[in-house]
Amino acid sequence: MICNKNNKKETYIHQSINKYIIMTAHEIDYRIYGEEMQFVEIELDPQEGVIAESGSFMMMDDGIKMETIFGDGSSKNKGFLGSILGAGKRILTGESLFMTAFYNELSGKRNVSFASPYPGKIVPIDLTEFRGKFICQKDAFLCAAKGVSVGVEFSKRLGRGLFGGEGFIMQKLEGDGMAFVHAGGTMAKKELQAGETLRVDTGCIVGFTQDVDYDIEFVGGIKNSIFGGEGLFFAKLQGPGTVYIQSLPFSRLADRVLASAPRSGGKDKGEGSILGGLGDLLDGDNRF
């Protein structure tokens, strides 16, 4: 279990680089439970809220109101057209048109929980530590404090857009609150120094800070390209900045499951048995 109980900051104003800026995101506390299949429990004070992707909700205490909203609801006064545009950006990332907001309407503290979609780790991201912006893959976002903006980050490089695994579009999380992203399998956090380079499988990127330079690089070599089985390109990440890497991208997991699944009129892998389907009957996997 990972537990966080932040000291409450003043939620109305704070000083940064000799300039006063308004704190917009709600101050939330959280606990992360589990090992391989984690969920995050958000503790909400009265009138605090959290936004989440559709389908990530797990459970909530009595007294919490659930509301479906366009986009991320980060701006209260942007109007209906602004909400439509915000929701439209989410469609570009392959996410749902709507998000769900949860508010504590009672006087005491209440909890709401969100679950990871497949085996892996939930990564807490404090946007104040990353100068208010974090870039992540399109399906990594899980939930965030109300007021955090979930937008679109377009790639400015043709090669990265065509061959970078995530295409031209990634998600950007902006604001001054807590956000939570999901990494498949085991998560690695790398702190890159200025000029330090890390080469990664394009599907294994969870996210990175805004100063990291992200590009793609050709694997090189005919044998590596044709027979290596690792694709034609690496993702090239150059510091300074922080990078989060996942060991099991969902696309890789889905490919393995589909490859092992029985096919109509065909053969499955037989779990490695030289007896194939007959081996399934012998080891108890005898569905008809």
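**Exercise 1. Pick V40 in the model and work out which residues V40 touches, leaving out those up to four places away in sequence.**

Step 1. Look around V40 and skip anything up to four places away in sequence; what remains is Y30, R31, I32, V112, S113, F114, I122, L142, C143 and F180. Keep in mind that you're looking at a predicted model.

Step 2. Now put V40 in its setting. The largest nonpolar core has 41 residues, and V40 is among those that touch the most other members, along with I42, F114, L173 and F180. Two of these, F114 and F180, also turn up in the list of residues that V40 touches.

Step 3. There's another core to find: a separate one of 13 residues, with C204, I205, Y214 and V243 among them. As background, nonpolar side chains in soluble globular proteins tend to be buried together.

**Exercise 2. Get an overview of the chain: how many helices and strands are there, and what share of the residues count as buried?**

Step 1. Go through the chain and you'll find 5 helices and 22 strands.

Step 2. Next comes burial: 42% of the 288 residues count as buried.

Step 3. Finally, take the contacts between residues at least 6 apart in sequence. Of these, 75% join residues at least 24 apart.

**Exercise 3. Find strand β16 and decide whether it is largely enclosed by the rest of the structure or not.**

Step 1. Strand β16 covers residues 178–184. Sort its side chains by direction: M178, F180, H182 and G184 point one way, while A179, V181 and A183 point the other way.

Step 2. Check burial on both sides. The residues in both groups are all buried.

Step 3. Draw the conclusion: 7 of the 7 residues of β16 are buried, so the strand is largely enclosed by the rest of the structure.

**Exercise 4. Place β16 in its sheet: which strands pair with it, and in what order do the strands run?**

Step 1. Start with β11, which runs antiparallel to β16 and is joined to it by 7 bridges. One place to spot this is D126, whose bridge partner in β16 is M178.

Step 2. Turn to β13 (residues 141–145), which is also antiparallel to β16, with 3 bridges. Here C143 has F180 as its bridge partner in β16.

Step 3. Carry on from β13 to β6 (residues 49–52): the two pair in the antiparallel sense over 3 bridges, and I51 has A144 in β13 as its bridge partner.

Step 4. Put it together. The open sheet has 6 strands in the order β8-β9-β6-β13-β16-β11, with antiparallel pairing. Its edge strands are β8 (64–70) and β11, each of which pairs on one side only. From one strand to the next, the twist averages 20°.

**Exercise 5. Zoom in on H182: is it buried or exposed, and what does its side chain reach?**

Step 1. H182 has a relative accessibility of 2%, so it counts as buried.

Step 2. Follow the side chain of H182 and you'll arrive at the backbone oxygen of Y118, 2.9 Å away.

Step 3. Widen the view, leaving aside neighbours within four places in sequence. H182 is in contact with S116, P117, Y118, P119, G120, K121, I122, A140, V206 and Q246.

**Exercise 6. Classify the aromatic pair of Y118 and F250, then compare how buried the two residues are.**

Step 1. Count the pairs in the whole chain: there are 8 aromatic pairs. In the one made by Y118 and F250, the ring centres are 5.0 Å apart and the planes make an angle of 40°, which counts as tilted.

Step 2. See what the pair links. Y118 is in the loop between β10 (110–115) and β11 (120–126), F250 is in helix α4 (residues 250–260), and the two are 132 residues apart.

Step 3. Compare burial: Y118 is buried at 9% relative accessibility, whereas F250 is partly exposed at 41%.

Step 4. For an extra, look for the cluster that ring pairs make from F57, F102 and F114.

**Exercise 7. Find the sheet that contains β18, β21 and β20 and explain why β18 and β20 are edge strands.**

Step 1. This open sheet of 3 strands has the order β18-β21-β20 and antiparallel pairing.

Step 2. β18 (197–201) and β20 (213–218) each have a single partner strand, so one side of each lacks a neighbour in the sheet.

Step 3. Check one pairing: β18 and β21 (residues 233–238) are antiparallel over 5 bridges, and R199 stands opposite K236 in β21.

Technical notes. Residues numbered from 1 in each chain as written. Predicted model: local features only at pLDDT ≥ 70, side-chain atom pairs only at ≥ 80, totals over all residues. Heavy atoms only, no water. Phe/Tyr/Trp six-rings, centres within 6.5 Å; stacked < 30°, edge-to-face > 60°. Helix = DSSP H or I, 4+ residues; strand = E, 2+ residues; numbered from the N terminus. Buried < 20%, exposed > 50% of the residue type's maximum accessible area, 1.4 Å probe, protein only. Pairing = 2+ DSSP bridges. Polar contact = N/O pair within 3.5 Å; in protein donor to acceptor, adjacent residues only side chain to side chain. Contact = heavy atoms within 4.5 Å. Core = buried A, V, L, I, M, F, W, Y, C linked by side-chain atoms within 4.5 Å. Axes fitted to C-alpha atoms, helices over the stretch in contact; angles between N-to-C directions.
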